[in-house]
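User: I would like to learn how the terms used for a protein model follow from their definitions. Could you take me through some of them with care?

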There are 2 protein chains.
Amino acid sequence: MHNEKENKDMKIITGGVTAAKGFEAASTEAGIKYKNRSDMALVFSQVPCIVAGTFTGNIVKAACVLWDKEVVEHSAFGQAVVVNSGIANACTGKQGYNYCNQTAEAAAKYLNIPEESVLVASTGVIGMQLPIDKIVEGIEKLSAGKESTLEAGTRAAEAIMTTDTVSKQVAVEIEIDGKTVTIGGMCKGSGMIHPNMCTMLGFITTDLSISKELLQEALREDVKDTFNMVSIDGDTSTNDTLLILANGLAGNSTITEKNEDYRKFVEALNYIDTTLAKKMAGDGEGATALFETKVINAESKEQAKILAKSVICSSLTKAAIFGHDANWGRILCAMGYSGAQFDPEKVELFFESKSGRIQIYKDGVATDYSEEEATRILSDPEVTVLVDMKSGDQQAAAWGCDLSYDYVKINADYRS
Amino acid sequence: MHNEKENKDMKIITGGVTAAKGFEAASTEAGIKYKNRSDMALVFSQVPCIVAGTFTGNIVKAACVLWDKEVVEHSAFGQAVVVNSGIANACTGKQGYNYCNQTAEAAAKYLNIPEESVLVASTGVIGMQLPIDKIVEGIEKLSAGKESTLEAGTRAAEAIMTTDTVSKQVAVEIEIDGKTVTIGGMCKGSGMIHPNMCTMLGFITTDLSISKELLQEALREDVKDTFNMVSIDGDTSTNDTLLILANGLAGNSTITEKNEDYRKFVEALNYIDTTLAKKMAGDGEGATALFETKVINAESKEQAKILAKSVICSSLTKAAIFGHDANWGRILCAMGYSGAQFDPEKVELFFESKSGRIQIYKDGVATDYSEEEATRILSDPEVTVLVDMKSGDQQAAAWGCDLSYDYVKINADYRS
């Protein structure tokens, strides 16, 4: 788990998408659906960027996902991302795709960049059409108001929120080729979170110079262990999008092979992705706790991942975490139906949090643990189930949240 | 859907496991975990029965599941089923299996039948050991109190409940070979319901005469379209057990091939299984509505089943049903991540209940439907999402329930 310790070569800094050189951001109240809050954001690079992206595995893909796939696959460069919250622009047919086109046209005009370098992303209610006039007006304001300050990045992270209760950003510095390279990111995501391929909306910016192929590979590989190991409710969104823009302004000699510099970047990217993924899990709709499952000493990484994800997805386990109830049978049950093969008699289970660690299951039966101590450990805002498979040396982690009354409340009438 | 109309050859009658000739039942307060309610049940046949069963696909199998698999596979006959609620006897190691053995020993002694003809089933908290002395005392009382009355069957259906709010039983009569054949059943299940192979605890009795091979095949095939199409919370239990006992007392000449008589039996069994499955779904933990999804005109039955099940499993869709909110985007989203291939533009969606029917999605976009009418339709205690795939002639149905505050309440502290 790279995320557990700060790497000595990596420095965590303040900020998000505007932390790296040459990136600007803006936000505005476009009045798309919400009242009295910002609901559009712009991420802009002063110079063209290499772009990579991963998108939802859902067959039903939002119009903006189809648009961005085109840009990532066919445009040489990207330079701006226009994001709106409130309406997802999914299940909106040809009209919805036309609106992506009109959004890009407007951004190209006001930002004076090619239309094919504009990426778009939407999040909110499925099935409603975007109010395109408001979007275009919003773009004009965003273009006029963009700034390279950290505050502008923070406000952008706030503008992309839907049911999120906190904005989510992170940034780090690493040294590559004698130059300081900065990577920063923001994301939103609170419900309909069960990434398949990538997740939610996430935007990462860096001033690193790197080839498009390696940027795409680094992102694609890393999401498998980070965003794809998050689940809040088992529902894979139609809009999942993770984009990374690299503008090269750090001045390092371009990374074109998997050398030590690439390894350093991948490690920093893993930190960024893991941090954003955990922030998202901890802010799951209605969540009162970040619920992590770590599987260690597994036969294979695949086995560890399947088991970890099955546990954090189990509604019953999540409800037990909400109730601070050490109902470990549900954990073993969720492992049992995961599809992974293992010997239940060999497994050991522990609960872990800042308040301590307790072994609850060994040799096929419950240990003689104290329910009181278990409840104390489970009452922390970050709770870990540690599963020791005792059958190999592979590991994986997955992140979710508890299942609370508020999850139901939020989702019983999300649209009103 | 066989369940939609009563077959003209089939008569729905009052009763459950004691409806068929020669079957008796009993219930008692053994004090296993609950206070002041019955928590043990016995189903007994006056003569030895052919037995078939299907069991949980969970790797972590309760001791009673391991015991019953032995009996179904290796005993020539079964004659009694001893059931307790409160404790699941799962994750209880060798001791748990020994308790199954002691349960069977006690039942054999008090009922004067071979030990290997005794089936056992448990449901409740995972990880606790059974209080075997109370179980043995309970068996003595059950053996003394067994009756062939319909009321005894009803009381047995009540004794096997855990978080269930209503008991579940059904019975039908068919004519085979000039004889009246009766089939009756009961089941329990409210949480940890996402059957894989079969589900929950279900017990069916019949006085039909049939070969063991055909009885097993009929049951195995039917659960795929009935119990295995139910999900309440996505958690496949460690204890799922469905047993059918056939004692032959109807006097028909034994069914040994897939003739017209077999077909009649299979149709009646499908009605029994579907009815019990829907009763279970409608009584899901915290449920305020039975939530059915029917997929019609699909390319293949497999596709229809995958899509139907994905929709009824979606937490977001279930929360929307609870809120009577016509948030159809979530339905399409759940279909999209199901793994089944299809063209979202071709699909049509409808909401349906006793209050009416309304089309909500066509040609890739929302229809101009009335939100008020949709809400009225969704306010019924039985709600159906009808998905017309417009691409073939296959169909399937799946059953679940809405996701309510009470689901969370029940499961946040189930053990206390």
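Terms and what supports them

Analyst: In the hairpin of β6(A) and β7(A), where 2 residues lie between the strands, Asp177(A) takes a positive phi near 55 degrees. This is a predicted model, in which local features need pLDDT of at least 70 and side-chain atom pairs count only at pLDDT 80 or more, while totals for chains, interfaces and linings use all residues. Residues are numbered from 1 along each chain as its sequence is written, and chains are lettered from A and ligands numbered from 1 in the order in which they are written.

User: What makes β6 and β7 of chain A a pair of strands?

Analyst: Strands are DSSP runs of E with at least two residues, helices are runs of H or I with at least four, and both are numbered from the N terminus. Two strands pair if DSSP finds at least two bridges between them. Strand β6 (residues 168-176) of chain A is joined to β7(A) by 9 bridges, and the two run antiparallel, so the definition of a pair is met. Within this pairing, Glu175(A) stands opposite Thr180(A).

User: Which strand does β7(A) join through 6 bridges?

Analyst: That strand is β8 (residues 201-206) of chain A, which runs antiparallel to β7(A), and here Met186(A) has Phe203(A) as its bridge partner.

User: Why is β7 of chain A called mostly covered?

Analyst: A residue is buried if 20 or more other C-beta atoms, placed from the backbone, lie within 10 Å of its own, exposed if 12 or fewer do, and partly exposed in between. In β7 (residues 179-188) of chain A, 8 of the 10 residues are buried, and the strand is therefore described as mostly covered.

User: How do you know that chains A and B are related as by a two-fold rotation axis?

Analyst: Copies are superposed by least squares on the C-alpha atoms of residues with pLDDT of at least 70 in both. A turn of 180 degrees, with a shift of 0.0 Å along the axis, lays chain A on chain B with an RMSD of 0.1 Å, and the two copies are therefore related as by a two-fold rotation axis. In chain A, the C-alpha nearest this axis belongs to Tyr405(A), 2.6 Å from it.

User: What makes β13 and β15 of chain B edge strands?

Analyst: The open sheet of 6 strands in chain B has the order β13-β12-β11-β14-β10-β15, with mixed pairing, and β13 (365-366) and β15 (394-401) each pair on one side only.
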